[in-house]
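Got the viewer open? Load the model and let's walk through it, from the outside in.

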Amino acid sequence: MSPSFDLSNLEHFTVGTVGPPGQRVFFLQAGLTGTLVSLKLEKQQVAALAEYLHGALREVSDNPDDIEPEPDIGLIDPVEAEWAVGDIGIGYDPEAGQMVIMATEMPPQEGAGDPATARFHVSLGQVAGFVARARQVVASGRPPCRFCGAPLNDDGAWCPCSN
């Protein structure tokens, strides 16, 4: 059974990758003194989370462009996935002025118990920094094919649809 997490007062909240383009593994990472949690995600989950959080910032702030993003410090080693993320949800705590990122483990095999969960209470500055970093990380992968939009091979020069 995988561990669950509920972390507040985060000192670290970011996204990053391990591995070369075409073989990258995406991680959501949150931490505070003595605790570091890395969760594995898919590239599409990172992109969707960033865009949703960007829109959420506009909903909860009168001047979202005035929110000072937390500095980008990237992933902290060691990067070892606690588990792979299946579902992601977003909430807002107006009293604390924080977003709550809720992740649920990819459904485990039948009979393995309930999936693990993670709740990260994130400042608006950390959200703004996450959005900027996530957009950068997603865009830094393999270039898309000009015909179909799928990522090109590792050499960046060939796509099956170009035949």
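Start with a surface representation: the protein's accessible surface comes to about 9,300 Å², and carbon and sulfur atoms own 49% of that (Shrake-Rupley, 1.4 Å probe, with only the protein chains shown counting as cover for residues). Keep in mind that this is a predicted model, where local features need pLDDT of at least 70, side-chain atom pairs count only at pLDDT 80 or more, and totals for chains, interfaces and linings use all residues. Residues are numbered from 1 along each chain as its sequence is written, and side-chain values use heavy atoms, leaving out hydrogens and water.

Next, color by burial: 37% of the 163 residues are buried, meaning under 20% relative accessible area with a 1.4 Å probe, protein chains only.

Now switch to the C-alpha trace, which spans about 55 × 45 × 25 Å along its principal axes.

Go to cartoon and you'll find 2 helices and 7 strands, in the order β-β-β-β-α-β-β-β-α from the N terminus. These are DSSP runs, with helices being H or I of at least four residues and strands E of at least two, numbered from the N terminus.

Select residues 25-32 and 35-41: these are β3 and β4, antiparallel and joined by 7 bridges (strands pair if DSSP finds at least two bridges between them). Zoom in on G31, whose bridge partner in β4 is L36. Which residue in the turn of this hairpin has a positive phi? Pick G34, at about 90 degrees; the turn leaves 2 residues between β3 and β4.

Key: Buried means under 20% relative accessible area, exposed over 50%, partly exposed in between (1.4 Å probe, protein chains only).
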